[in-house]
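Reader: I've got a model open and would like to talk it through with you. Could we go over it together, one question at a time?

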Amino acid sequence: MKSLRPGGLVLLEAYTPAQLGFRTGGPPVEELLYTAEALREDFAGLELPVLRELTREVREGTLHTGRAAVVQLVGRKAT
């Protein structure tokens, strides 16, 4: 967060632990996956206009295609 300018944004999408059931990509270890709650704590100093967990279709290559469980975050540093 120190590297963000005032008003700067962080955009993040990562797999959640629910992804382990889909097997359409991502690490096969729960400790390497993210939840909205963990990201809320990690980015506590930012405004979070978007923080949500959802299931969506991904098409990111042969090993990353199909239904996926993700968490999406948009964080903004205050001006």
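Reader: Which residues does T65 touch, leaving out those up to four places away in sequence?

Author: This is a predicted model, so take what follows as a reading of a prediction. T65 lies in strand β3, residues 65-76. Not counting residues up to four places away in sequence, the ones T65 touches are T24, V58, R59 and E60.

Reader: Is T65 buried, partly exposed or exposed?

Author: Buried would need a relative accessible area under 20%, and exposed one over 50%. T65 comes out at 41% relative accessibility, so the residue counts as partly exposed.

Reader: Which residue offers a backbone oxygen to the side chain of T65, and at what distance?

Author: Look at the hairpin of β2 and β3, which has five residues between the strands. G61 takes a positive phi there, near 120°. A polar atom of the T65 side chain and the backbone oxygen in question are 2.6 Å apart, and that oxygen belongs to G61.

Reader: How far is T65 from G25 in space, C-alpha to C-alpha?

Author: Along the sequence, 40 residues separate T65 and G25. In space, their C-alpha to C-alpha distance is 7.5 Å.

Reader: T24 was on the list for T65. Is T24 buried or exposed?

Author: T24 is found in the loop between β1 and α1. Leaving aside neighbours within four places in sequence, T24 is in contact with Y15, Q19, L63, H64, T65, G66, R67 and A68. The cut-off for buried is under 20% relative accessible area. With 10% relative accessibility, T24 therefore counts as buried.

Reader: And which side chain makes a polar contact with the side chain of T24?

Author: Q19 is among the residues in contact with T24. A polar contact of 2.9 Å joins the T24 side chain to that of Q19.

Reader: What about R23, is it buried or exposed?

Author: R23 lies in the loop between β1 and α1. Its phi is positive, near 55°, in a residue other than glycine. Exposed takes a relative accessible area over 50%. R23 has 76%, so the verdict is exposed.

Reader: G21 is in that loop too. How far is its C-alpha from that of A69?

Author: G21 has its place in the loop between β1 and α1, and at 65% relative accessibility it counts as exposed. Along the chain, G21 and A69 are 48 residues apart. Their C-alpha atoms are separated by 8.9 Å.

Reader: Now T16: what is its relative accessibility?

Author: T16 sits in the loop between β1 (9-15) and α1 (36-42). Leaving out residues up to four places away in sequence, T16 touches L33, Y34, E53, A69, V70 and V71. T16 counts as buried because its relative accessibility is 3%.

Reader: How many bridges join β2 to β3?

Author: β2 covers residues 47-59 and runs antiparallel to β3. One place to spot the pairing is R52, which stands opposite Q72 in β3. The number of bridges joining the two strands is eleven.

Reader: Which residues does A78 touch, beyond those up to four places away in sequence?

Author: A78 is in the segment after β3, and its 45% relative accessibility makes it partly exposed. Its C-alpha and that of E53 are 24 Å apart, with their positions 25 residues apart along the chain. Not counting residues up to four places away in sequence, A78 touches P6, G7 and E47.

Reader: Let's zoom out. In what order do the elements run from the N terminus?

Author: The protein has one helix and three strands. Its C-alpha trace spans about 40 × 20 × 20 Å along the principal axes. From the N terminus on, the order is β-α-β-β.

Reader: What share of the contacts with a separation of 6 or more comes from residues 24 or more positions apart?

Author: T65 and G25 gave us a pair 40 residues apart in sequence with C-alpha atoms 7.5 Å apart. For the whole protein, residues 24 or more positions apart account for a share of 61%.

Reader: Last one: how far apart are the mean positions of the positive and negative charges?

Author: On the surface, the protein exposes about 5300 Å², with carbon and sulfur atoms supplying 53%. There are 10 positive and 10 negative charges. Their mean positions are separated by 8 Å.

Note on methods: Residues numbered from 1 in each chain as written. Predicted model: local features only at pLDDT ≥ 70, side-chain atom pairs only at ≥ 80, totals over all residues. Heavy atoms only, no water. Helix = DSSP H or I, 4+ residues; strand = E, 2+ residues; numbered from the N terminus. Buried < 20%, exposed > 50% of the residue type's maximum accessible area, 1.4 Å probe, protein only. Contact = heavy atoms within 4.5 Å. Polar contact = N/O pair within 3.5 Å; in protein donor to acceptor, adjacent residues only side chain to side chain. Pairing = 2+ DSSP bridges. Areas by Shrake-Rupley, 256 points an atom, 1.4 Å probe, with all protein chains shown as cover. Lys, Arg positive; Asp, Glu negative; His and termini not counted. Charge placed at Lys NZ, Arg CZ, Asp CG, Glu CD.
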